[in-house]
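Here is a short note for a colleague who is opening this entry for the first time. Please keep the structure in view while reading the points below.

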Protein chains: 2
Amino acid sequence: MKLSVKSDYAARAVIGLAKHFPTGAALKVEELANESGTPANYLVQILIELKSRNIVKSVRGKEGGYLLARPPGEISLGDVLRCVHGRVFDPPALHDPHCPSELRAAWNKLQTALDETADGITFQHLLDEGADKAKMYYI
Amino acid sequence: MKLSVKSDYAARAVIGLAKHFPTGAALKVEELANESGTPANYLVQILIELKSRNIVKSVRGKEGGYLLARPPGEISLGDVLRCVHGRVFDPPALHDPHCPSELRAAWNKLQTALDETADGITFQHLLDEGADKAKMYYI
DNA sequence: CCCGACGTGAAGCTTTCTGTTAAAAGCGAC
DNA sequence: GTCGCTTTTAACAGAAAGCTTCACGTCGGG
């Protein structure tokens with residue numbers, strides 16, 4: 001089972017915005033695309049979805065662009081994942097009466113495990129990890 | 001992110017075989033398909049994959065069919081999932097150098113969470129749950 | 001007004017998923 | 001051996017989803 005590239009792009013974009021969050025300035029789509037190595041035209045669509053979920057916000061006109069709607073500590077990987085796809089781990093069995101209930105329960109167990117893990121990872125954590133990594137190179 | 005119907009079918013098939021495991025008799029593909037509500041022609045392909053991973057085994061000829069290769073307690077949902085798809089939660093970032101390492105670590109964390117949960121659920125557990133459910137109706 | 005940026009929808013392409021079909025091969029019974 | 005039953009394997013096709021690009025609409029500021 002493949003995690004879609006879209007989620008990866010979305011997460012990278014939020015990381016990129018999180019790094020610039022302290023400056024308070026908006027980041028243009030193209031800059032963000034270059035920085036995170038994602039196709040700009042696709043990134044736009046993802047950013048719009050992220051905006052509708054109140055994860056990022058946008059500024060129009062010259063000097064416009066995107067910035068985080070909330071501090072990185074209040075945005076979890078689960079938020080981004082659920083924004084990009086619907087639910088993480090959507091069970092196909094929901095609408096199939098042939099699926100035994102015990103199996104349905106098992107799928108739900110997997111889903112909650114995933115959700116809880118993803119919700120436990122905030123982008124502040126990811127920033128800190130990245131900083132630690134950079135420091136280790138410095139030493 | 002959608003869990004594929006294939007995994008659902010595979011799990012249902014193994015549950016069906018697990019129920020018949022005590023009898024020691026082989027179950028024909030068509031019987032299994034009827035019982036688990038899966039398209040027989042598609043189920044065949046899934047069963048072959050399950051066989052190659054030593055989850056089920058087959059008997060040819062008249063009175064032939066499929067049966068579990070191991071007792072239900074030794075088969076986990078993770079086994080079936082990994083058989084049907086490659087890895088559960090394959091991160092697309094693996095081959096993309098632009099993906100920051102901290103994000104890669106996060107994807108791995110999600111993957112291991114999922115794997116551990118799925119490996120913790122054996123089909124014996126599922127059978128017991130189903131039996132409990134039946135008993136509750138009985139009361 | 002005009003430029004530069006976001007916003008939106010649609011189109012094309014590729015890949016994966018799902019399901020079907022048909023032919024090959026093994027096993028047991030007569 | 002041959003026949004009927006089953007699994008096995010390969011090939012195929014339609015449907016759906018994912019990815020990407022493009023073109024045009026919209027808004028804000030100089």
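1. Start at one pair of residues. B:Ser58 has B:Tyr66 of β2(B) as its bridge partner. Keep in mind that this is a predicted model. The two residues return below, at the DNA.

2. Now widen the view to the strands. β1(B) and β2(B) pair in the antiparallel sense, and four bridges link them. Together they make a hairpin, with five residues between the strands. In the turn sits B:Gly61, whose phi is positive, about 80°.

3. Chain A has a hairpin to look at as well. Its strand β1 covers residues 56-59 and its strand β2 covers residues 65-68. They pair in the antiparallel sense over four bridges. Here A:Lys57 stands opposite A:Leu67 of β2(A). Five residues lie between β1(A) and β2(A), and A:Gly61 in that turn has a positive phi of about 75°.

4. Next, DNA strand D. Which residues are the closest to it? They are A:Gln45, A:Arg60, B:Lys51, B:Ser58 and B:Tyr66, out of 22 residues that surround the strand. So both members of the bridge pair B:Ser58 and B:Tyr66 are in that closest group, given that residues within 4 Å count as near. Of the atoms of DNA strand D within 4 Å of the protein, 73% belong to sugar and phosphate.

5. Bases of DNA strand D are contacted too. A:Arg60 places a polar side-chain atom 2.6 Å from a base oxygen of DNA strand D. B:Arg60 has a polar side-chain atom 3.1 Å from a base oxygen of this strand. The backbone also takes part: an N or O backbone atom of B:Val29 lies 3.0 Å from a phosphate oxygen of DNA strand D.

6. Where does the surface near DNA strand D come from, by element? Chain A gives two or more residues from each of α1 (5-20) and α3 (40-52). Chain B does so from α3 (40-52), β1 (56-59) and β2 (65-68). With four residues, α3(B) gives the most. By class, this surface holds nine nonpolar, seven polar and six charged residues.

7. Turn to DNA strand C. It has 22 residues around it. A:Lys28, A:Lys51, A:Ser58, A:Tyr66 and B:Gln45 come nearest. Sugar and phosphate make up 67% of the atoms of DNA strand C that come within 4 Å of the protein.

8. Three polar contacts are worth finding on DNA strand C. B:Gln45 brings a polar side-chain atom to 2.6 Å from a base oxygen. A polar backbone atom of A:Val29 is 2.9 Å from a phosphate oxygen. A polar side-chain atom of B:Tyr9 lies 3.5 Å from a phosphate oxygen.

9. The elements near DNA strand C can be listed in the same way. Those that give two or more residues are α3, β1 and β2 of chain A, along with α1 and α3 of chain B. Which element gives the most? It is α3(A), with four residues. The residues of this surface divide into nine nonpolar, eight polar and five charged.

10. Last, the helix packing. In chain B, the axes of α1 (residues 5-20) and α4 (residues 77-84) come within 10 Å and cross at roughly 135°. That angle makes α1(B) oblique to α4(B). Their crossing is right-handed.

11. α1(B) also meets a helix of the other chain. The axis of α5(A), residues 101-119, comes within 11 Å of the axis of α1(B), and the two cross at roughly 135°. α5(A) is therefore oblique to α1(B). This crossing, too, is right-handed.

Key
Residues are numbered from 1 along each chain as its sequence is written. Chains are lettered from A and ligands numbered from 1 in the order in which they are written. This is a predicted model: local features need pLDDT of at least 70, side-chain atom pairs count only at pLDDT 80 or more; totals for chains, interfaces and linings use all residues. Side-chain values use heavy atoms; hydrogens and water are left out. A polar contact is a pair of N or O atoms within 3.5 Å; within protein, one must be able to donate a hydrogen and the other to accept it, and residues adjacent in sequence count only if both atoms are side-chain atoms. Ala, Val, Leu, Ile, Met, Phe, Trp, Tyr, Cys and Pro count as nonpolar, Asp, Glu, Lys and Arg as charged, and the others, Gly among them, as polar. Two strands pair if DSSP finds at least two bridges between them. Axes are lines fitted to C-alpha atoms, for helices over the stretch in contact, and angles run from 0 to 180 degrees between N-to-C directions. Angles under 35 degrees count as roughly parallel, over 145 as roughly antiparallel, 65 to 115 as roughly perpendicular and the rest as oblique. A crossing is left-handed if the near helix is turned anticlockwise from the far one by less than a right angle, and right-handed if clockwise.
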